[in-house]
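Visitor: I would like a close look at a single part of this structure. Please take me through it step by step.

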Amino acid sequence: MANLFDNNTLIVNQKFTVIANQYQIQDENGNEIGFVQENMSTGKKALSLLVSKKVMPFNLSILDSEKNVLATISRGVTLFLSKTSIKNANGEEIAKINQKFTMLKPKFEIMDTQDQLIATIQGDWKAWEFSIKSPDGTEIGTVSKKWGGALKEIFTDSDKYVVNITGDISENNRIAIVSTAVVVDMILKENN
């Protein structure tokens with residue numbers, strides 16, 4: 001079975017849920033090849049009804065279609081700028097996604113475990129289109145939010161992101177780039 005991170009184009013589709021976040025991962029042909037599931041305790045579920053999701057800690061697992069954990073995305077309580085940890089299937093940290101302060105356009109940095117810059121993530125003013133560039137300025141990926149239609153956009157908070165990876169990128173960096181779609185949604189799009 002192929003690793004979902006081998007795909008250069010992935011669709012990360014948020015599923016509508018009341019409490020815990022869930023995302024379906026599809027290949028470019030629309031085949032479901034994995035999903036992302038938020039891991040929540042009963043206490044956190046209750047607290048999430050009272051406190052903004054933007055400040056709440058989160059822990060998500062990226063799973064293949066056989067429910068094998070491929071990576072995890074986690075963050076502690078955040079009041080201002082988010083710092084997210086990405087771990088591989090063995091629980092070893094492989095990257096961090098740090099939110100940077102900007103006035104209009106959202107910006108993040110993907111850092112390795114030695115705090116060396118892997119890539120910058122720069123969004124447009126709507127936070128719908130993100131360019132992912134290596135330290136030398138070469139684009140290595142994009143994340144694009146896709147319009148779900150007026151009724152879906154008005155009545156749900158479900159979002160769909162298309163992740164494109166270009167170039168010869170290591171598996172750890174691919175995991176971090178795919179995680180970017182979920183991190184952007186969790187940090188920038190979550191409401192009370």
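Guide: What follows is a walk around strand β8 and its surroundings.

This is a predicted model, in which local features need pLDDT of at least 70, side-chain atom pairs count only at pLDDT 80 or more, and totals for chains, interfaces and linings use all residues. Residues are numbered from 1 along each chain as its sequence is written, and side-chain values use heavy atoms, with hydrogens and water left out.

Start with the strand itself. Strand β8 covers residues 107–111. Strands here are DSSP runs of E with at least two residues, numbered from the N terminus; helices are runs of H or I with at least four. Of the 5 residues in β8, 4 are buried, so the strand is largely enclosed by the rest of the structure. Buried means under 20% relative accessible area, exposed means over 50%, and partly exposed lies in between (1.4 Å probe, protein chains only).

Now look at one partner. Strand β7, residues 93–100, runs antiparallel to β8, and 5 bridges join them. Two strands pair if DSSP finds at least two bridges between them. Lysine 96 has methionine 111 in β8 as its bridge partner. The two strands form a hairpin, with 6 residues between them.

Leucine 104 lies in the loop between β7 and β8. Leucine 104 has a relative accessible area of 69%, so it is exposed. It also belongs to a nonpolar surface patch of about 890 Å², together with Val77, Leu79, Phe80, Leu81, Phe101 and Met103. Patches are made of residues with over 30% relative accessible area and no salt bridge; like charges are joined within 9 Å, nonpolar side chains (Val, Leu, Ile, Met, Phe, Trp, Tyr) within 5 Å. The areas come from the Shrake-Rupley method with a 1.4 Å probe, and for residues only the protein chains shown count as cover.

Turn to the other partner. Strand β9, residues 117–123, pairs with β8 in the antiparallel sense over 5 bridges. Isoleucine 110 stands opposite alanine 119 in β9. Here too there is a hairpin, with 5 residues between β8 and β9. Aspartate 115 in that turn has a positive phi of about 60°. Most residues other than glycine have a negative phi.

Aspartate 115 also takes part in a salt bridge, with lysine 96. A salt bridge is a side-chain nitrogen of Lys or Arg within 4 Å of a carboxyl oxygen of Asp or Glu. In this pair, the closest N and O atoms are 2.6 Å apart. The contact links distant parts of the chain: lysine 96 is in strand β7, aspartate 115 is in the loop between β8 and β9, and they are 19 residues apart. Lysine 96 has a relative accessible area of 18%, so it is buried. Aspartate 115, at 47%, counts as partly exposed.

The structure holds 2 salt bridges. Lysine 100 and glutamate 109 also meet in one, at 3.8 Å from N to O. Glutamate 109 counts as buried because its relative accessibility is 17%. Lysine 100 is at 33%, so it counts as partly exposed.

Finally, step past β9. Alanine 127 sits in the loop between β9 and β10 (129–133). Its phi is near 60°, a positive value in a residue other than glycine. At 9% relative accessibility, alanine 127 counts as buried.
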